[in-house]
Amino acid sequence: MTNSALFFLLTRSAKNSLVHKISRLKNPRYLLPFLAGMAYLWVMIGMPSFSSNQVAHDAESIAPVVQSVSGVLVLFFGAMAWLFAPNNPTLYMNEAEVTQLCTAPLTRQQIIRYRWMRAQLPLLFMAAVAFAFAFRRPGIFPPYASVGAWCMVNLLLLNGVAAALLAGKLKALGFGRVGRHMPGALLVGALVGVFALNFTPPPPLKQFDEFMPWLDNLTHSGLAGYVLWPLRQVTAMASAQDLPTFARGLCVALLLMFALDQFATRLNTPFEEDALALAQNIGRRLEAFRTGGASGAALAKLQTAKPSRFKLAEQGPAWRAMMWKSVIAQTRGVSMRTFVPFLLIGVVLLVVMATQGEERFVDLAIVTMGSVITIMLVIAGPQVLRNDLRAELQRLDYIRSLPVRGKDILRGEVYGSAALISVALVLVVFGSVFAFRGFGFRIEYAHRVVIVLSAAFMLPPVVVLGFALENGAAVLMPSWAAVAPGSGGVELVGRNMLMTILRLILMSLVLSVPAGLVAAGIAAAVAGYRAGIDAAAWFAPLSALLAGLVTMLEVELLLAFFGRRLENLDPSSERF
Amino acid sequence: MAQNGIVPSMIEVVNLTKTYEGTRAVNELSFTVQPGEVLGLVGPNGAGKTTTMRCITGIIAPTQGRVLVCGRDIVLDPVGAKRELAFIPDEPRLFEYLTVREHLAFVARLYGVQDPLPKAEVLYDELELRGKEDALPNTLSRGMKQKLAIACALIHEPRAILFDEPLTGLDPVAIRRIKETIKKRAAGGAAIIISSHLLNLVELIATKILLLQHGKKLLHGTLPEIQAAVPNLREDADLEEIFMRATGYEAPPEPRV
């Protein structure tokens, strides 16, 4: 009876959700992002490509390597789940589920299995995407690809649940933090030992022909070969060329999933308390992310906060108070730990490149990293950091009640957010330009200063413009700028894409005059340099300064326009 | 049901203690609630009211002590105990994509309710949900959501009902409706616990009052009993005055010379 009730909950919720999402497509606000998102998905996964036989042959020849690497990755992520299980939530449910199901006459086994069943909806969508991806791609059989992907993700999911429930059980039995980490530490230690037996130093990347035998020795021979065998069978399913390979992988996957399910459900871990705390926490963070983006989510994690390093003068213009509030909103959730993963990736990339024995590899890494980070900050920054007027739309009636002009509200919000991205940009450009060794050519320090100054004069105004346009969109089309409850997946991708395209078009229009100035400055600098006038290089930063000032003037005009619209915006007329 | 004239308790809390990282949210709390009794659980913020309710419903496990619902231990026999129990949290937690009708159908099946349709029909009328049967929760006002949460809790005719701040954010009509519902269930023999900061409401519908502070029982009994337990109190002192005096927020009056 109770199992049928849970099945009813799953199927009816899915059906109603689908009907609700389809019926709201009548509204252009939802239809346009949906169509854009579908177009994006089609371009990314659905378009036929790689149709040549040569590509199919190549794909077939590297299949064993792909399977080995996938097997190692699955093992790595699986082992990490056990190692970090004490830090992870025991079982995630939303607040309605905790309140209704944990107080209902249901066993823990039923709730755990319900939770697994609920996760199947997105996983089935993922399997459908895998099917579409494999379609028309030679060498991949779509049904095998979709079932293979489904099995692999489910295996990782169940593995994570089992690990978390064991950690929860140990906690309930009174084990301390060290004791709870022991099973994971022992597992990881054993795996490291197994692979250490086969380990030899890897060949350089440029000797790719030697890399395959090295990987083969590491993953196929000795004890490691036996440990990885089941996972290789599972990862081979997606690219299986024949039924026996697929069936073998499926049997192994189902056996592993059954074993993990039995382990997880027989533990009888008291997960309810953790589930409640997590549900409340996630609910809060999702709402914060929905309104405030990445910085909103980071802010929602905080329980307490130290006084800000940014001090607000007791007297001064109102927009500076707004800017101070915006800076605090964007920075309070950020700590040095936020940057550790990026620094680690950068250091690893540089070390790998530096050990290849050629200087140009290091330069290539610096140029690539510097360019990618700069472009990401300029293009994605205004969309990721949303803790400005877009987050304030929820309390627009309060914002409108403040004795501050609309223009000043916007100015404070925009400059506060843009200041942080600008500082990061200038630091990235400074670091990249001074670390770059010129691919073997000597670059004068004066010229490096010229480049950094040019970037420092021009990039911050461009970032300010990006934030001004995003906040302007929030004023002109509030219901578009705010992420609607229940939005996600294809619709959210499409919405973000449309907003970015619109912003880039507007930016290119606004920046046409400043870009002309910069181009003229660079042309003058190059011409002067060719004519032997060293000082001509300074035309570039001068033109960038002029272009920056023109951009700021344009931003001020835009803020004045958006500010007037903000003053006339009726908080009750829009559903945020 | 009663043996030797003693009515068995519907809810029995024995030496309940709940500790969070060294802090005792609830400290050796014991009380019982009999059939037909409405226990008003009051106390300042952080007194341990919600933690107590969550321990009784099995959402969180007690660090020490026992909780029995209709004689069944919530830790040892959670399914049996929860079958007799209903919990209405302060915020209505509803499934986003189930309609009003589907919520009731789901809960009825979860609890194995026989013949649920007529019971749902009665609840639609009693809680003024008629006409909203096919609405999704996000289209309902807060008051309607709260009424739906209450309807879900009542459809299996529980013998022990726990309300956590049931009247927050409701309009006067809804408040009256829900007060009537609570009284009706108590008259039908259910044991009810209401946690609320609305002291006049508690005074009006509770048959007994349990005042908590720092996780400990400060006062427990009927209104006259707890009045008598607080020294230097006016004869006609209401629950608010008792609360203020017992929790130390208001000093006793200076003795008249």
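Trainee: Which residues share an aromatic cluster with Tyr144(A)?

Mentor: Quick ground rules: this is a predicted model, where local features need pLDDT of at least 70, side-chain atom pairs count only at pLDDT 80 or more, and totals for chains, interfaces and linings use all residues; side-chain values use heavy atoms, leaving out hydrogens and water. Residues are numbered from 1 along each chain as its sequence is written, while chains are lettered from A and ligands numbered from 1 in the order in which they are written. Rings of Phe, Tyr and Trp (its six-membered ring) pair if their centres lie within 6.5 Å, with planes under 30 degrees apart called stacked, over 60 edge-to-face and the rest tilted. In the cluster, Tyr144(A) is joined by Phe141(A) and Phe246(A).

Trainee: How many aromatic pairs are there over all chains?

Mentor: That rule runs over every chain, not just this cluster. The count comes to ten.

Trainee: Which class of pair do Tyr144(A) and Phe246(A) make, and how far apart in sequence are the parts that they tie together?

Mentor: Their ring centres are 4.3 Å apart and the planes meet at 10°, so this pair is stacked. Both residues are buried (under 20% relative accessible area with a 1.4 Å probe, protein chains only; exposed is over 50% and partly exposed in between). Tyr144(A) is in helix α7 (residues 142-172) of chain A and Phe246(A) in helix α11 (residues 243-266) of chain A, so the parts they tie together are separated in sequence by 102 residues.

Trainee: What angle lies between the ring planes of Phe561(A) and Phe562(A)?

Mentor: Phe561(A) is partly exposed at 38% relative accessible area, whereas Phe562(A) is buried at 5%. Their rings form a tilted pair, 5.6 Å centre to centre, with an angle between the planes of 55°.

Trainee: Over to Val490(A): how far is its C-alpha atom from that of Phe34(A)?

Mentor: Val490(A) lies in helix α21 (residues 489-510) of chain A and is buried, with a relative accessible area of 15%. Residues that it touches (heavy atoms within 4.5 Å) include Pro33(A), Phe34(A) and Phe125(A), leaving aside those up to four places away in sequence. Val490(A) and Phe34(A) are 456 residues apart along the chain, yet their C-alpha atoms are separated by 6.0 Å.

Trainee: Which residue's side chain makes a polar contact with the side chain of Arg24(A)?

Mentor: Arg24(A) sits in the loop between α1 (2-23) and α2 (28-46) of chain A, and it is buried at 12% relative accessible area. A polar contact is a pair of N or O atoms within 3.5 Å; within protein, one must be able to donate a hydrogen and the other to accept it, and sequence neighbours count only if both atoms are side-chain atoms. At 3.1 Å, the partner is Glu491(A).

Trainee: What about the interface: which three residues of chain B supply 25% of the area that chain B buries against chain A?

Mentor: In all, 29 residues of chain B are in contact with 30 residues of chain A. The buried area (accessible area, 1.4 Å probe, that two parts lose on being put together, summed over both) is about 2900 Å², with 65% from carbon and sulfur atoms. The three are Arg93(B), Tyr97(B) and Arg109(B).

Trainee: With which residue does Arg93(B) form a salt bridge?

Mentor: The interface of chain B and chain A has three salt bridges (a side-chain nitrogen of Lys or Arg within 4 Å of a carboxyl oxygen of Asp or Glu). For Arg93(B), the closest N and O atoms are 3.1 Å apart, and the partner is Glu95(A).

Note on methods. Helices (H or I, at least four residues) and strands (E, at least two) are DSSP runs, numbered from the N terminus.
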